[in-house]
Amino acid sequence: MDTSRTVAELLRRLVASDPEDIAELYAHEVAWMLNWPPGEYESTVPWVQHRSTRTGIAEHFRLIADHHVAEQSSAEVTAVLVDGADAIVLGELHNVAKPTGRRYDAAFALHLTVENGLITRHHVYEDSLAVMQAFQP
């Protein structure tokens, strides 16, 4: 599967929201990074932690789903740029934090690398301040 098709399939699976199904698109070992400032966030936003395996990736997406109001969550993809094995997905998240009921909108850029049909790099750059403000008690 080429990069464009793998990214399109990832976006489709993200909409379907099945963490195990999403994780199957990732290699067994993944270069994973969430661009958050240094700090301890596990009690407030538990999905913000280092991952490197499919199991960890499934847990990441499970935790995101568990902490947001599904009926009030969406993402808008504004561009997908592909250059060989690399892809950049640009967009905006629209979510409601389940613990506080606060809505947030956060721009994001997702850098993916695809090798042999599997994602080997997942680097996210997002508006972490908007997320934290929505989740803080």
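Where is the place of Thr3 in this chain? In this predicted model, Thr3 sits in helix 1, which covers residues 3-16. The residue is tucked away rather than out in the open: Thr3 has a relative accessibility of 8% and therefore counts as buried, the cut-off being under 20%. Setting aside neighbours within four places in sequence, the contacts of Thr3 are Val82, Gly84, Ala85, Asp86, Ala87 and Val114. One of these partners, Gly84, belongs to the turn of a hairpin that is picked up again below.

Stepping back to the whole chain, the secondary structure adds up to four helices and five strands. Going along the sequence, these come in the order α-α-β-α-β-β-β-β-α. The radius of gyration is 14 Å, close to the 14 Å that the globule rule gives for 137 residues, so the chain is as compact as a globular protein of that length. Laid out along its principal axes, the C-alpha trace spans about 45 × 25 × 25 Å.

How much of the chain is buried? Of the 137 residues, 44% fall into the buried class. As for what faces outward, the accessible surface amounts to about 7300 Å², and carbon and sulfur atoms supply 52% of that. Contacts reach well along the sequence, too: among those with a separation of 6 or more, 54% are between residues 24 or more positions apart. On the charge side, there are 10 positive and 20 negative charges, and their mean positions lie 3 Å apart.

Now for the hairpin. Strand 2 (residues 74-83) and strand 3 run antiparallel and are joined by nine bridges. One of the pairings puts Ala79 opposite Leu90, its bridge partner in strand 3. Two residues separate the two strands in this hairpin, and Gly84 in the turn takes a positive phi of about 65°. That same Gly84 is on the contact list of Thr3 from helix 1.

Glu92 gives a view from further along strand 3, which runs over residues 86-96. Is Glu92 buried, exposed or partly exposed? With a relative accessibility of 30%, Glu92 counts as partly exposed, because that class lies between the 20% and 50% cut-offs. Beyond its neighbours within four places in sequence, Glu92 is in contact with Ser74, Ala75 and Glu76, and also with Asp105, Ala106, Ala107 and Phe108. The C-alpha atoms of Glu92 and Thr78 are 7.9 Å apart, with their positions 14 residues apart along the chain.

Further on, His123 is found in strand 5. His123 has a relative accessible area of 16% and is therefore buried. Not counting residues up to four places away in sequence, His123 touches Ala31, Trp32 and Met33, together with Ala109, Leu110 and His111.

The last stop is helix 4, made up of residues 128-135. This helix is mostly covered, with six of its eight residues buried. Which residues of helix 4 are buried? They are Ser128, Ala130, Val131, Met132, Ala134 and Phe135. What do these buried residues pack against? Their packing partners are strand 4 (103-115) and strand 5 (118-126). Strand 5 is also the strand that holds His123.

Terms used. Residues are numbered from 1 along each chain as its sequence is written. This is a predicted model: local features need pLDDT of at least 70, side-chain atom pairs count only at pLDDT 80 or more; totals for chains, interfaces and linings use all residues. Side-chain values use heavy atoms; hydrogens and water are left out. Buried means under 20% relative accessible area, exposed over 50%, partly exposed in between (1.4 Å probe, protein chains only). Contact means heavy atoms within 4.5 Å. The radius of gyration is taken over C-alpha atoms; the globule rule is 2.2 Å times the number of residues to the power 0.38. Accessible areas come from the Shrake-Rupley method with a 1.4 Å probe; for residues, only the protein chains shown count as cover. Lys and Arg count as positive and Asp and Glu as negative; His and the chain ends are not counted. The place of a charge is taken as NZ of Lys, CZ of Arg, CG of Asp or CD of Glu. Two strands pair if DSSP finds at least two bridges between them.
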